[in-house]
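Biologist: I am new to reading protein structures. Could you walk me through one, a feature at a time?

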Amino acid sequence: MKTLLALERALQRAAPHQLLDTVRDLLARHWDATLVELLLADYGMTVLQPVTIPPYTGKPISAFTGELGRLFGSQDSTVREVAPGRVEALVPVTVRGDRLGVLRVTLPAEACDVEQLEVVAGVLGRELVLSERDTDLYLQARRTRRLTLAAELQWQLLPARAYARPEYELGAQLEPAYNIHGDNFDWCAEADYLTLTVTNGMGEGIDAALLTNLAVNALRNARRGGTALAGQAALTDQAIYAHYRGRMHVSTLLLRFELSTGRVEVVDAGSPQAWLLRDGTVSLVPFDAQLPLGMVDETPYDVQHMDVVRGDRLLFVSDGIYDAASAEGEKYGERALARALTDTRLLPAAQVPAAVLRALEDWRGTPAPADDAMVVCLDWQGAEAE
């Protein structure tokens, strides 16, 4: 326990780019560790890359196959013997459900305490998230190639790629990860509510990214000002129209979940779809579509309602998913999307978006979508009964 407290204090004092060196030094001195390596998941969630000072980056490792890939998927720590009396421990680095990567440590078998290593990985993960404000090292380690400027704007706008608490779990992914421009998602976790927005800005490249940045920040500004859901849509609509005068608009689905009851307020302002998996049955959730944000000046927006119950899974997708077309011109459509949701029913929410996107890729037969594609998965447990 004293070692863990010393580690936490040392990481808090360390320069942002020296977090891994600090962990290495402490584990070497107190646990005789001879190898401490941190591997971070890339933007596409396809590979794990060792954290090193660019350009001396290590070789990427699959995030799906092999021992590291299986651990990243299962989130279960593993230990294996690598030499007489020495073991290699692989521990997931995850912060509030957001899977960042894997910590690999080689140390004496008698010094290996998996629970303590998991605490070390958790502390390191939290400091990584904080340090990304002050250094590019970890952001660079997460990319296998250069992001477009539009993609850079979009990824910096996101809250995380996953979040978990007892009432619900969230997972989300954007593709093409290195060239995304208009699609986006955002959430706000409060004591009694979850607010979730999924957004699809029109256009391409930097124009779409700037439009979506304006929309997401306008929604946040209205939400943080205490405005109700319909008001958030209306104020954002006005902000976008004032700038673009109707030339560009944003399709957005806004939802506010009450944790104690499962009652959901919804404003459907455009194209993102919501799918529900309940008791093994998949259905498209029918909302009354209203005008996209910024299309017409001072558009009034109405709130609709739905209810979610324990065990529900909601999947939110942009038109880059359900309107995707094969080389022959066939649309992906509702049947294929419903099948993908059913096929991923046993996966945790954090893994569902990537699995749905892989199913789309397999169906298309091409490695990247022609349009932006966004998938957000929400698993609902609700508040525990008193």
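Biologist: Let me start with a single residue: in which helix does Thr212 lie?

Modeller: Thr212 lies in helix 7. Before we go on, please keep in mind that this is a predicted model.

Biologist: Is Thr212 buried or exposed?

Modeller: The idea is to compare the relative accessible area with a cut-off: under 20% means buried. Thr212 has 0% relative accessibility, so it counts as buried.

Biologist: Which residues does Thr212 touch, if we leave out those up to four places away in sequence?

Modeller: They are Gln154, Leu157, His181, Gly182, Asn184, Thr199 and Gly201. Two of these names, Gln154 and Leu157, come back when we look at helix 6, where both take part in the contact with helix 7.

Biologist: Then let us turn to that pair. At what angle do the axes of helix 6 and helix 7 cross?

Modeller: Helix 6 covers residues 149-157 and helix 7 covers residues 205-224; their axes cross at roughly 15° and come within 8 Å. Angles under 35 degrees count as roughly parallel, and helix 6 and helix 7 are therefore roughly parallel to each other. The crossing of helix 6 past helix 7 is left-handed.

Biologist: Which residues of helix 6 meet helix 7?

Modeller: On the helix 6 side they are Leu149, Ala150, Leu153, Gln154 and Leu157. Their partners in helix 7 include Ile206, Ala209, Thr212 and Val216. Sorted by class, this contact of helix 6 with helix 7 has eight nonpolar, five polar and one charged residues.

Biologist: How is helix 7 placed against helix 8?

Modeller: Helix 8 spans residues 229-244, and helix 7 packs with it at an angle of about 140°, with the axes 8 Å apart. That value makes helix 7 oblique to helix 8. Their crossing is right-handed. Among the residues that meet are Leu211, Leu214 and Ala218 from helix 7, with Leu235, Ala239 and Ile240 from helix 8. The contact of helix 7 with helix 8 divides into twelve nonpolar, three polar and two charged residues.

Biologist: Now the strands. What is the order of the strands in the open sheet?

Modeller: To read a sheet, follow the strands from one edge to the other. Here there are five, in the order 9-10-11-12-15, and the pairing is antiparallel. Strand 9 (183-189) and strand 15 (304-307) are at the edges with a single partner strand each, so one side of each has no neighbour in the sheet. From one strand to the next, the twist averages 20°.

Biologist: How many bridges join strand 12 and strand 15?

Modeller: Four bridges join them, in the antiparallel sense, and strand 12 is made of residues 263-269. One example is Glu265, whose bridge partner in strand 15 is His305. Helix 7 appears here too: it packs on the sheet and touches strand 9, strand 10 (193-201) and strand 11 (250-258). The direction of helix 7 makes about 160° with that of strand 10.

Biologist: One last pair: at what angle do helix 2 and helix 4 pack?

Modeller: The angle between helix 2 (residues 19-31) and helix 4 (residues 114-131) is about 160°, and their axes are 11 Å apart. Helix 2 and helix 4 are therefore roughly antiparallel to each other. Their crossing is right-handed. Leu19, Val23 and Trp31 make the contact from helix 2, and Val120 and Leu124 are among the residues from helix 4.

Definitions and conventions: Residues numbered from 1 in each chain as written. Predicted model: local features only at pLDDT ≥ 70, side-chain atom pairs only at ≥ 80, totals over all residues. Heavy atoms only, no water. Axes fitted to C-alpha atoms, helices over the stretch in contact; angles between N-to-C directions. Helix = DSSP H or I, 4+ residues; strand = E, 2+ residues; numbered from the N terminus. Parallel < 35°, antiparallel > 145°, perpendicular 65-115°, else oblique. Left-handed = near helix turned anticlockwise from the far one by under 90°. Contact = heavy atoms within 4.5 Å. Nonpolar A, V, L, I, M, F, W, Y, C, P; charged D, E, K, R; others polar. Buried < 20%, exposed > 50% of the residue type's maximum accessible area, 1.4 Å probe, protein only. Pairing = 2+ DSSP bridges.
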